[in-house]
Amino acid sequence: MAFSTAHSALAALREDLAGEVFAPWDPGYDAARAVFDARADLRPAVVARCADAADVVRAVRFGRELDLRVAVRGGGHGAAGTAATDGALLVDLSRMRRVTVDPVAGAARVEGGATTGDLDRAALPYGLATTGARARTTGVAGHVLGGGTGWLDRLFGPAVDSLLGVELVTAGAERVRASADEHPELFWALHGGGGNFGVATALTLRLHELPRFSLALLRYPPGYGAEVVRAFREVFRTAPDELGGAVLYLAGPAGGPRCAAVLTYAGGADGLRDLAGPLRALPHEAGPAGDLPYTAAQRLLDTPPGLRHHRSARCLTGLPQQAVDAFCAGGEGLPAATGSRYLLFPQGGAVAAGPRGHPVAWRDAPWTAHPCALWADPADDGRAPRWVRQACAALAPWSTGAVCLNLIGDEGPQWVRAGLGAGNVLRLEKVKRRYDPDNVFRCNHNIRPV
């Protein structure tokens, strides 16, 4: 398109948008294009920081006029780093963070830029919650529409199971609402299909009663990893759905990896203490424990901005001793002098019991392993991602073949199919053709229109 046409369109966008517009030559552009992964040094053609849904319509219309791909940033946490893309229009929802709770209906309307922390804080005064991400800075929209695993998923199901409606701006710059009664096929596709079908300007989520919540963090001496995993496995063999948590490897105080166990419980500390018996029987140091607000638990795995990230996941058929050994070997190999972590968390409960028809292919896995490399030094750009790949490869013999797309980066179309379920792909492609036939929204775990 001619420069004069593009210049005129940009000037019109600046005039029309209630929010802010950043071009590469504008002050503030570098801050506006930043995402959570510091490796993602990407330069969108224009950043439209939208103030409301009407702004999103204007921005998408601008992108279509100039034939630009459209990337969307809610929380900016996406593992694939696609919240900003070279040469694309970046629709930034960070100003759209309002959360409105209706305690009588047990629901919340959550704007597209709201984070897990925003939602949790709004619901807390009413003793309500839903399955949030394990880091409070994660965007709610991306988390929910990608499936959404978290500390409460064994009790309330994946986050997407609580989805009641989505307000969406389509590739045609039209505002639609998808629910069980309106655009039902689109609503089905949004249960795991992510941002393929438009810009989610707001979600309505079912909230659940959570009057009490408690947490225990137990740290173990070096060399106890296999015993910890076996004890953790024993706890969850008969655990109620109210119990969640993870075994994780973290960098120890002297720099070496240390194994720890986190247990979360939708109940009081006394009940949690009884359930944790096999883990408390091992030599350990007690970290934070006891009754606390769910919002406090969501801070446990927070990481500061500005770090480099690479993460993946594998859903597992079970935890025989060989799989335990493979997980622990990966944990012991955690890259030194980084903030990396390696989690193993249980599923089952409401995850497995939830709706079978949605494109959430990982429901049946009893366990998920999640290596997450975090580092500051660019010199580690080779070894940190390599550790993630090696950890996943070591668990391949026990992989279910499915994966939660929220937890992985760009690992190729085969893993997109694995996350959605091969039997769902054709149906998703048809929904994509109806709502985004030109694949405008392809800066994601992409579903191609057919």
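Reader: How do the residues lining the second largest cavity divide into nonpolar, polar and charged?

Author: Five are nonpolar, five polar and no residue is charged. The scheme counts Ala, Val, Leu, Ile, Met, Phe, Trp, Tyr, Cys and Pro as nonpolar, Asp, Glu, Lys and Arg as charged, and the others, Gly among them, as polar. Keep in mind that this is a predicted model, where local features need pLDDT of at least 70 and side-chain atom pairs count only at pLDDT 80 or more, while totals for chains, interfaces and linings use all residues. Residues are numbered from 1 along each chain as its sequence is written, and side-chain values use heavy atoms, with hydrogens and water left out.

Reader: What makes a set of points a cavity, and what makes a residue part of the lining?

Author: On a 1 Å grid over the protein atoms alone, the points have to be places where a 1.4 Å probe fits but cannot get out, and a lining residue has an atom within 4 Å of a point. Two cavities of 30 Å³ or more turn up in the whole structure. The second largest holds about 40 Å³, so it clears that bar, its volume being the space filled by probe spheres set on points joined across faces, edges and corners. Its lining is made of Thr116, Leu119, Thr130, Thr131, Gly132, Val140, His143, Val144, Ala159 and Leu205.

Reader: Which elements each supply at least two residues of that lining?

Author: α4 (116-123) and α5 (140-145) do, with α5 giving the largest share, three residues. Both are helices, meaning DSSP runs of H or I, at least four residues, numbered from the N terminus (strands are runs of E, at least two).

Reader: Why is α4 said to be largely enclosed by the rest of the structure?

Author: Because six of its eight residues are buried, and buried means under 20% relative accessible area (exposed is over 50%, partly exposed in between; 1.4 Å probe, protein chains only). The six are Thr116, Gly117, Asp118, Leu119, Asp120 and Ala123. Their cover includes β5 (99-102), β6 (107-111), β7 (128-129), α5, β10 (199-206) and α11 (294-297).

Reader: What makes the phi of His183 stand out, and what about Asn439?

Author: Phi of His183 is near 50° and that of Asn439 is near 55°, each positive in a residue other than glycine. Set against the cut-offs, His183 at 28% is partly exposed, whereas Asn439 at 6% is buried. His183 is in the loop between β9 (175-179) and α7 (184-189); Asn439 is in the segment after α16 (425-435).

Reader: How do you know whether Ile447 is buried or exposed?

Author: Its relative accessible area is 4%, so it's buried. Ile447 is also in the segment after α16. Leaving aside neighbours within four places in sequence, its contacts (heavy atoms within 4.5 Å) are Gly193, Asn196, Phe197, Leu420, Leu428, Glu429, Lys432 and Asn439. Ile447 and Asn196 are 251 residues apart in sequence, yet 6.5 Å apart from C-alpha to C-alpha.

Reader: Why is Cys259 in no disulfide?

Author: A disulfide is a pair of cysteine sulfur atoms within 2.5 Å. The structure holds zero of them. For Cys259 the nearest cysteine sulfur, in Cys328, is 6.2 Å away, so the pair misses the cut-off. Cys392 is out too, because its sulfur is 11 Å from the closest one, in Cys315, too far for a bond. Cys259 is buried at 3%, and so is Cys392 at 5%.

Reader: What makes a set of residues a nonpolar core?

Author: They must be buried Ala, Val, Leu, Ile, Met, Phe, Trp, Tyr or Cys, joined through side-chain atoms within 4.5 Å. The largest core has 67 residues, and Leu163, Leu186, Phe197 and Leu203 have the most contacts inside it. Apart from it lies another core, of 41 residues, among them Ala239, Ala276, Leu344 and Leu395. In soluble globular proteins, nonpolar side chains tend to be buried together.

Reader: Which residues does Leu163 contact?

Author: Neighbours within four places aside, Leu163 touches Val144, Leu145, Phe187, Leu190, His191, Leu203, Thr204 and Leu205. Val144 and Leu205 also line the second largest cavity.

Definitions and conventions: 1 Å grid on protein atoms, 1.4 Å probe; cavity = no way out; pocket = protein on both sides within 12 Å on 5 of 7 lines; lining within 4 Å.
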